[in-house]
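Here is a short briefing on strand pairing and helix packing. Keep the structure open while reading.

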Amino acid sequence: MTAEILSVGTELLMGNIVNTNAQYISQKLCDLGINCYFQTTVGDNHDRLVSAVELALSRADLLILTGGLGPTADDLTKETIADAFGRDLILDPASEEHIRMRFARMGRDMTPNNLKQAMFPRGCIIMPNPNGTAPGCIVEDGVKAAILLPGPPKEMAPMFDASVMPYLEKRSGIMLHSRVVRVFGMGESEVEYRLRDLMEHQSNPTIAPYALSGEMKLRVTARCKSRAEGEIMIAPLIERIKATLGSVVYSTNDQELHEVCAALLKEHNATLAVAESCTGGMIASKLVSVPGISESFIEGSVTYSNEAKMNRLGVKCETLSAYTAVSAETAREMAEGIRRTSGASYGLATTGIAGPDGGTAERPVGLVYIAIAGKAETMVRELHLTGGRERIRNMASLYALDLLRRCFLSDSSNC
């Protein structure tokens, strides 16, 4: 099967908007084994759009269009495709109701021209748009097919994944089954180097690495005929990834680090309290985003000043005087203090210099200490982080959560 992508919009030709839709769709088509030999961008002009559609349908089995589904007079995509397939446009009551309700929720009056977005070529497959007012549709005649998608990426991508992918999988007889492996504590270059043998000789399934803020994920994808077949194909590869990378792999089902920690706390019937200085509540914020965390997370305290560290956590004045607030000794007393005063199974603490000011030659910006106090011992780690203030705070939060995770993975009586 061959496909062609047609991006509609004068703003694309003028460079006002970067065409990320074509890249997104191309990657999806490649994964499905659907060949795409041409991509075209055309402005909001009737004659040129007609010519582009006619040319695309003459050389491709499948035409995917983005843009031109709005309510204004220059939004011509549906009209052009209806003409190309010899269909008239009819009103879809369900789409009309969706558009009216969306305007009502926004507290805005719907002008009559918005009804244009509820008009579709007769006999088409209508694709709902929960993220906007423009539904998409699929028009087919038994040989050729045209898929019409909205232009905004935040509307296009969810619609493609929810409606177009199942349609293409059925039409091509191939589907994609993926699992995401998440990695923390090893740089992108080292991950790729260690997996080089797997990645250099991959065909099906494949490994696609993605660098995130401070961590990595690996999407393992199989082209298959069913999810069960796909899982059989990718499961051994995931096990090889885990064996190669070791404990830096923290999830094989795309769970984030705070979600994994929440699950471990629940599994071990354990509770946690957090004392944060440089992270300023970021760890607590991540944890409370997990439904049901109230069973395990007792409290979070932002003890930013020295006085707060002493009054709330019982950090000794002598410790602060001798070692300063940014020290292993202070982190240790913070973790032990929040555990003791909260009654939690574990106390987790952070203290450091997030910058951009406040650093010295002895204690530079990015110096962070994290500590976890358990029933038998307190573990402290020293970090030297780089980047801006928000990156340092986020990385410190991730390292603290990873320390908690590793505590559960160890054989120590502490955890």
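**Strand pairing and helix packing**

A3 stands opposite C36, a residue of β2. The model is predicted. Parallel pairing links β1 (residues 2-8) with β2 through seven bridges.

**The open sheet**

- Six strands make up an open sheet with mixed pairing.
- The strand order is β2-β1-β3-β8-β7-β6.
- At the edges lie β2 (35-42) and β6 (125-127), each paired on one side only.
- On average, neighbouring strands of this sheet are turned by 15° against each other, direction ignored.
- In a regular strand, side chains alternate between the two faces of the sheet.

**Helices on the sheet**

- Helix α2 (residues 20-31) packs on the sheet.
- The strands touched by α2 are β1, β2, β3 (62-66) and β8 (145-149).
- The direction of α2 makes about 165° with that of β1.
- Helix α6 (residues 153-172) also packs on the sheet.
- Contacts of α6 reach β3, β6, β7 (136-140) and β8.
- The direction of α6 makes about 165° with that of β8.
- Both β3 and β8 are touched by α2, and α6 touches β3 and β8 as well.

**The β16-β17 hairpin**

- Strands β16 (residues 367-373) and β17 (residues 378-384) pair in the antiparallel sense.
- Seven bridges join β16 and β17.
- Together β16 and β17 form a hairpin, with four residues between them.
- Within this pairing, I372 stands opposite M379 in β17.

Definitions and conventions:
Residues are numbered from 1 along each chain as its sequence is written. This is a predicted model: local features need pLDDT of at least 70, side-chain atom pairs count only at pLDDT 80 or more; totals for chains, interfaces and linings use all residues. Side-chain values use heavy atoms; hydrogens and water are left out. Two strands pair if DSSP finds at least two bridges between them. Helices (H or I, at least four residues) and strands (E, at least two) are DSSP runs, numbered from the N terminus. Axes are lines fitted to C-alpha atoms, for helices over the stretch in contact, and angles run from 0 to 180 degrees between N-to-C directions. Contact means heavy atoms within 4.5 Å.
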